[in-house]
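Visitor: I would like to take a close look at one part of this molecule, and then to follow how the parts around it are arranged. Could you guide me through it slowly?

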Amino acid sequence: MIDDRRRAPPTAAELMTDGPVRDLWGRAAVRERFQSGDLLGGWLGARGSSSSAQLELAQRTALDLQLLATPAEAADGSPAVRLRQRDRVRVLNAIGAADAKRFLDEIAPDDKTQGEALLSTILNGDAVAVDAANRLGLATWAQVAPLAEAVGASIATDLATVRRRMDELDFLNLVGGADLPRFIGRTRELAKLHRAWARGVPVVEIEAPGGMGKSMLIARFVSELLENPEERPTAIFHVDFDRRDLQRARPVTILAECLRQVDRWIDEPRARRIAANAVASATWVDDEDDYGHSRASESFSMHQDRFAADLGFLLRESSRHKRPRVVIIADSAEQVFDFNDLAAESPLIAADMLRREAGCQVMVIYGSRHFPPFWRSGERRIILGVLSPDQAKAYLTTEAARFGVTIAKAHLTRVIGAVGRSPLALRFAARLLASDEVDDAEAWLDAVESDPERIQATLYDRVLRRIRDPALRRLARPGLLVRRLTTEVISQVLAGPCDLDFREASPDGLLAAAEMEGQLFRRDPADPGAVWHRSDVRALMLRDLDATIPSSVARAINLAAIEFYACFDDPISRGEELYHRLRLGQSGHLIAERWIPEAGDRLKLAAEEFGPGARSTLRSLLGTASLRYREGVKGLREAEEALTDFPDGYAELRRVIRRDIQQGLAPLPTLARYGLDRLDGPLGDVYAEALVVAGCWHDLLIQANRLRSNWRHVPPSSAASIYATTAGVLEGLGRLSEAFTYWDIAGSIVLGPSTDQDGERLALGVSVGQARIRRKTMPLGVSRRNAELDRLFREARGSEQALHGGAVLLRELVAELIEILGDGYHEGFRQVFDWLQVLLERNEAFPSALDNPARAKEIARVLGAPDWPMNELMSLLRKQLYEARHDERQMAAWARLLREEVDWTLAKAVSRRSSN
């Protein structure tokens, strides 16, 4: 009887000895997968007659192989096993090249896997070409190369290079998805990206609707950079705002994400360990909630600085260039624009930190379906339109060829004229022309050309009808009125309206079949067990579903979905419940009762799928639009009651007014509509700002003077803000003694540090204003002035988060603290220098010169710089500032110019005149 107890792998001596152990293990080592019985049969056939001892040893060895190998699957799907890579290497090293080649030759050519064929080619001494664009071929080479080296074969291609190329292809697939091979044309846009990279442009924006090819363009640009040694970046980082965890990003989040990705670009083990340690600590940062963040702001700042330092060190160590060159791709930015300003700007802030920490050349590429009207961070914007006629023909021809179809030249122009020249529509058309649904291309073209306004819907309808599974086809129409499919949604929500018979197809089977329809569905890694209707397809085609599905059926589906999801409290379920309530147009009060912010995040891009009233409700709850559906409310009491019906009270309206002010709009009518147009009201601070924006600053001065005797009836933060705004107006008018009084009142109201970022910004702004007005009206002695600068610097350093995104406050702060740069030994020297560099990098140091060439010439003359265009002048001044930072006379010139900019800003605010 054969002992079936598991043995250890054979020793080196056993493998070196001629016999069954060497032969069977050698045959197993050259195979990617095998069945031990086949190996035993092959050995018997090659050996002929053998002694009983040899036969028993062969049987025992075959059993050892079966027990020691790991499960696999043969080409025909039958069970098989395989040796671990390290065991294959050890065995091949022992048996040598001659026996390895002999064992490979025993395999019929048609039965060899790609890896076995490659190993055979190498051992035969034939030249092997590695296709750098073939991920599967590279993976096969990476697996086979150590085996060939084990038997002493010469390998021309470096294994580390192959693995690095595999990482690059994985990255390109992540950025461009499976559609990257479909890229065609866009030569002008690619040239713009390459020029921007060569010139060191810090920000490029790519804007286009869904399905127009933004990701493909970025991926193609990145692939060309990687293929060019002269242009190749040190690292490329991908920030995907489709990820829920990044939609609330801060700069520290972006830096942590870059550290997670850095090992894709760095091979050196020590650098990888540094990155791994930083990533381990980044987990704590990611897991902090908002309350934890407010409690630990100093710790966050510490992590942010450390992450930037670690990442900068790694980039410097691995860079082949004098300056590390980095690309940060901020993809799907429409997910954060208008919803989370700090998240939207975090890639820019992280890039600035890398420039300061490591001297990096960083280009941030934003890809978005839209950019906010006043988003001005980018120096270059590329707007993708439809393909050109020639590009559309090439694209359609190539797509049809993928499906084995040739489109007649006479039909190409007609198809493009009917469906348009967007890549998504052309892809649909090619797929349909290759399907059984289109027997006669001529007749199909006649049909679609007769109704051009419904062409996208017609294409979508055909895609649905192309689904071969009749049960899945019934599920798709009307079932795709829901965005998310799970087995429970199929069985509890859609079974009745879709007339599903689960004797024909189970919910599990239908879900699996839906996942195979990649044109219609996608997986969300954050939602395992579900498939989602693709948002780009849904945006084009939902109108057709609404127009063709009976309203009674649609209502039944929406109500069933609400009932189903209302039983759960997780953000995904709550988001889908709210989606269907909004689709039914339910009341704003009912929506507000069920609202949670995490669910709202999942509805931001679905606004166009709702009716006008539901859209207004959604935007109001997200804090992004006017409150039109409350316009009928009259009187202060009713207005306040309407506002406080919402969870955030006045916070929503405050966000709306602030956004209008930032965009230069006049929000006074909105405040008047709710009876909030007075300084002693709950929104008195934003009313004060609104008066200035509207040019009614004289009204502000009158009302602020009246409020002085009654300010204690106003919330302290609001009163301090009102008086700070009033002081700024008086300063702009040149009435400095009055401005001093109001800055003094504002300072007496702001007591102690604030844990709220808005409060920190207000307190710091008041301190800066007080320091400025004292400098203008009552010059202090040197020691007292230095003491004041020390206090102001310490307050600013403790409130640094309040400076993010606030160019005006940062400029006012630096204009006061710039005296510190004349003292190279001051503890704040480096920080003030960095703040000034940030202003220069963002073109925010001299706003008066942006549209005024005469002012730009004056700045250049005072600082001894050439008369260059503004962008180039700012770049030069950054370098000149570094050289002149210890020159007292130069710093005095910088101080004068910056303080003139602050005064210009204050005067500009009161140069407006009311149109009333």
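Visitor: Does D499 count as buried or exposed?

Guide: Please keep in mind from the start that this is a predicted model. D499 counts as exposed, because its relative accessibility is 57% and the word is used for values over 50%. You will find D499 in the loop between α22 (487-494) and α23 (507-516). Its backbone deserves a second look as well, since phi of D499 is near 55°, a positive value in a residue other than glycine.

A useful partner to set beside it is S332, whose phi is likewise near 55° and positive, although S332 is not a glycine either. S332 is placed in the loop between β5 and α15. Its surroundings differ from those of D499, because S332 has a relative accessible area of 12% and is buried, whereas D499 is exposed.

From S332 we can step back into β5, which covers residues 325-331. This strand is mostly covered, with seven of its seven residues buried. In a regular strand, side chains alternate between the two faces of the sheet. In β5 you can follow this on both sides, with R325, V327, I329 and D331 buried on one face and V326, I328 and A330 buried on the other.

The strand belongs to an open sheet of five strands, which are arranged in the order β4-β5-β6-β3-β7 with parallel pairing. The edges are held by β4 (235-240) and β7 (380-383), and because each of these has a single partner strand, one side of each is left without a neighbour in the sheet. On average, neighbouring strands here are turned by 15° against each other, if direction is ignored. Six bridges join β4 to β5 in the parallel sense, and F237 stands opposite I328 of β5. On its other side in the order, β5 is joined to β6 by six bridges, again running parallel, and there V327 stands opposite M363 of β6. Further along, β3 (residues 203-207) pairs with β7 over four bridges in the parallel sense, with I206 opposite I382 of β7. Helix α15 (residues 341-358) packs on this sheet, where it touches β3, β5 and β6, and its direction makes about 170° with that of β6.

The same α15 also leads us to a helix packing. Two packed helices are described by the angle and the distance between their axes. For α11 (residues 251-261) and α15, the angle is about 65° and the axes are 7 Å apart, and α11 passes α15 in a right-handed crossing. The residues that meet are P251, I254 and L255 from α11, with L342, S346, P347, I349, A350, M353 and L354 from α15. These contact residues divide into nine nonpolar, one polar and no charged.

There is also a second open sheet, with three strands in the order β8-β10-β9 and antiparallel pairing. Here β8 (484-485) and β9 (521-523) are at the edges with a single partner strand each, so one side of each lacks a neighbour in the sheet. Three bridges pair β9 with β10 (residues 531-533) in the antiparallel sense, and R522 stands opposite W532 of β10.

For burial on the scale of a whole helix, look at α18 (residues 423-433), which is largely enclosed by the rest of the structure, because 11 of its 11 residues are buried. Among them are the arginines R427 and R431, together with nonpolar residues including L424 and F428. Another buried arginine is R581, with a relative accessibility of 11%, and its place is in α26 (residues 571-584). Leaving aside residues up to four places away in sequence, R581 touches I562, Q586, L590, I591 and R594. One more backbone detail can be found at P478 in α21 (residues 470-479), where the peptide bond from R477 to P478 is cis, with omega near 20°.

A last word of care concerns confidence, since the protein has a mean pLDDT of 77, with 77% of its residues at 70 or more. Over residues 1-6 the pLDDT stays under 50, and the model has nine contacts for them beyond four places in sequence. Over residues 284-299 it is also below 50, and this stretch has 16 contacts in the model beyond near neighbours in sequence.

Note on methods. Residues numbered from 1 in each chain as written. Predicted model: local features only at pLDDT ≥ 70, side-chain atom pairs only at ≥ 80, totals over all residues. Heavy atoms only, no water. Pairing = 2+ DSSP bridges. Helix = DSSP H or I, 4+ residues; strand = E, 2+ residues; numbered from the N terminus. Axes fitted to C-alpha atoms, helices over the stretch in contact; angles between N-to-C directions. Contact = heavy atoms within 4.5 Å. pLDDT = per-residue confidence, 0-100. Left-handed = near helix turned anticlockwise from the far one by under 90°. Buried < 20%, exposed > 50% of the residue type's maximum accessible area, 1.4 Å probe, protein only.
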